[in-house]
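Biologist: I have just opened this one and would like to understand the words people use for it. Could you take me through them?

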Amino acid sequence: MLRTRVMPCLLLQGRGLVKTVKFKNERYVGDPINAVRIFNQKEVDELVLFDINCTSDSGTINYSLLEQITSECFMPVCYGGGVRTLEDFRKLFSLGIEKVSVSSLLFDSPDVVAQAVAIYGSQSIIATLDINLSKYRKKYQVCTHSGKQKRKYTPVEAAKYACSLGVGEIIVNAIHRDGTWSGFDQELISQISANVNVPVVAAGGAGTLDDIKNVVVSANASAVALGSMAVFQAKDMGVLIKFPKQTELTKILP
Amino acid sequence: MISIIDYGVGNLGSVKNMLKFLNIESKIITTAEELSTATKIILPGVGSWDNGVAKLTESGLLSVLNKRVLSDKVPVLGICLGMQILLDASEEGELAGLGWIPGEVKKFYFTPEQQTANKLRIPHMGWNVTHNKKQTALTQLNDDETRYYFVHSYHAEVANKHHALMTCNYGYEFTCAIHKDNIWGVQFHPEKSHKFGMALMKSFAEL
C-alpha cells in the first residue's frame, strides 16, 4: 500500500528560512541546514524547498546552499525558484535534487519544460500552481512570481496545461490559505485532483491533523505539504521545527 | 570502493552523498579504464528507457561492463532505470537492454474502475512497503516495516520468478527488486530512503 506522503514545505530567502502569511510578511524562522537536519532525523517522507525571491527578483539559484542541504538529506527533495534554463535543471539534478518545480516557466518557456521532461522524465519535473481567491469576486486566479503576476487560466485549465507539457506531479498552493492555519482549500484541491491523472500535492492552510486527513479523504489529495505546522509551535507562537509523528499520521490517513 | 557509473542519466549526487555519510568509499567513474579495476559497481539512472540505453551505449563502457559483470562476477547494483536496463526490453522504448536478467519492463496497467476506486495515479510516487521473495545478503535486514521511496511508471516483469528479490503492491503485486548471482537491481531509490536505504547500501558494500 502506497503511503500518503506528508512533507514539510520550506521557504528560502537568501540563506535563511522564512515563513509567510498569504505570501506576505516573511518571518525569519531559522537556518535551513539546521531545519533540514531535524527533518532528516524525523525521517519525513519528502522535502519541498522554494526560494521565494529567486523568480520575482530575477535572482540566481543558490547552488552552494542546496548542495549543503542535499548532502545530508536522505529523502527526496523538490526544489523550486528561479529555474529558467536546461542548464539549471542539469545542475540541480547533479546536486542530488530529485524533483525540480517550475511555475512561471510553464507559461513563459513551455518548450524548456517539455525538453526537461524529455531528458529527466516526468517524475522529476513538478508544476507548482500558486492560486489565489480574489477578495471580492471570489474567483480563483493562477499566479506566478510569488503571487504578484496573474495568469489567464482557471486552476483546472492550468493543471491540464501543465500535464500536457508532461509534468509528473502538481503542487497546488492556495495563497489565500498560506500561513493561516485555517485548513486547506478543499474545493480547489478536489477540482484539480478530479481533472488530472498525476499526483496532486495540497499546500497552504494546514493547521491540524484533521486538516491533513480531510484534504486527503474528501478532496483526494495524493500528498500534503505543511508550512507553518512544520516551523511554528502553534498559530501566533514561537518558532519550533517539528513534524507530526509517523504513528499519528498513520492513524488518520487511509 | 564502489564505482558509480556516470553515463549522463543519473542521480549520482545523492548516491554518493549517502555512501559518504555511511563512510563507504566511492567514486564516480566515466571511463572504461576506471571500470576495468572496479570491485563493486552501481548503475544509477533516471529518465526514459531509450535515452538511458542510448547514453550507456554512447559511453563506450558496454564491453568492459559486460566483461566485469558477466565474466569477473563483480557485484553490480542497478537503481531505478539502472535496474530496468538489466532486463531485456521495455514497453517504454525500442532499444535492447543489457539482458543480464531475463525479463521485460512493463507500464503500470490499471482498469478505469481500479483507477477511480483506488485513486491509482501514474507515476507510482512515494513510500511503499516491500516484501522479500528470497533471503539474500541485501534483504536480510528487511521486516514488515521496511519501506522505500519509489517514483516510476514502469516496472520489472522477470521471466524466471527466482530472479524476483522483492515485491511491492500498487494496484497489483509487482517485482520491485531483482537478483541473479552477482547482479542486483532495485526499482526504488535506496539513496533517498532514510535508514532503510542505508541498510541496503551497507549490505551491498559488505557483499
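**How the two chains are put together**

Biologist: What makes chain A agree with a compact globule?

Modeller: Chain A has a radius of gyration of 17 Å, and a compact globule with 254 residues would have one near 18 Å, so the two agree. The radius is taken over C-alpha atoms, and the globule rule is 2.2 Å times the number of residues to the power 0.38. Along the principal axes, the C-alpha atoms of chain A fill a box of roughly 40 × 40 × 40 Å. Please keep in mind that this is a predicted model, where local features need pLDDT of at least 70 and side-chain atom pairs count only at pLDDT 80 or more, while totals for chains, interfaces and linings use all residues. Residues are numbered from 1 along each chain as its sequence is written, and chains are lettered from A and ligands numbered from 1 in the order in which they are written.

Biologist: Why is chain B called as compact as a globular protein of its length?

Modeller: For 207 residues the globule rule gives 17 Å, and chain B has 16 Å, which is close, so the description fits. The C-alpha trace of chain B spans about 55 × 35 × 30 Å along its principal axes. Chain B has seven helices and twelve strands, and chain A has ten helices and twelve strands. These are DSSP runs numbered from the N terminus: H or I over at least four residues for helices, E over at least two for strands.

Biologist: How do you know that B:Lys192 counts as buried?

Modeller: A residue is buried if 20 or more other C-beta atoms, placed from the backbone, lie within 10 Å of its own; it is exposed with 12 or fewer and partly exposed in between. B:Lys192 has 26 C-beta neighbours inside 10 Å, so it counts as buried. B:Lys192 sits in the loop between β12 (183-186) and α7 of chain B. By that definition, 53% of the 254 residues of chain A are buried, and 52% of the 207 residues of chain B.

Biologist: Which residues does B:Lys192 touch, beyond those up to four places away in sequence?

Modeller: From chain A they are A:Phe74, A:Met75, A:Pro76 and A:Glu98, and from chain B they are B:Ser14, B:Tyr149 and B:Gly197. Touching means that the C-beta atoms, placed from the backbone, lie within 7 Å.

Biologist: How many residues does each chain bring to the contact between them?

Modeller: Chain B brings 28 residues and chain A brings 31. On the side of chain B that touches chain A, at least two residues each come from α1 (12-21), β7 (124-132), β8 (147-152), β10 (164-170) and α7 (194-206).

Biologist: What makes a set of residues a nonpolar core?

Modeller: The members are buried Ala, Val, Leu, Ile, Met, Phe, Trp, Tyr and Cys residues joined through C-beta atoms within 7 Å. The largest such core here has 145 residues, and A:Ile170, A:Val172, A:Val201, A:Ala202 and A:Val224 have the most contacts inside it. Strand β1 (residues 5-13) of chain A gives the largest share, six residues. Beyond its neighbours within four places in sequence, A:Val201 contacts residues including A:Ile170, A:Val172 and A:Val224.

Definitions and conventions: Contact = placed C-beta atoms within 7 Å.
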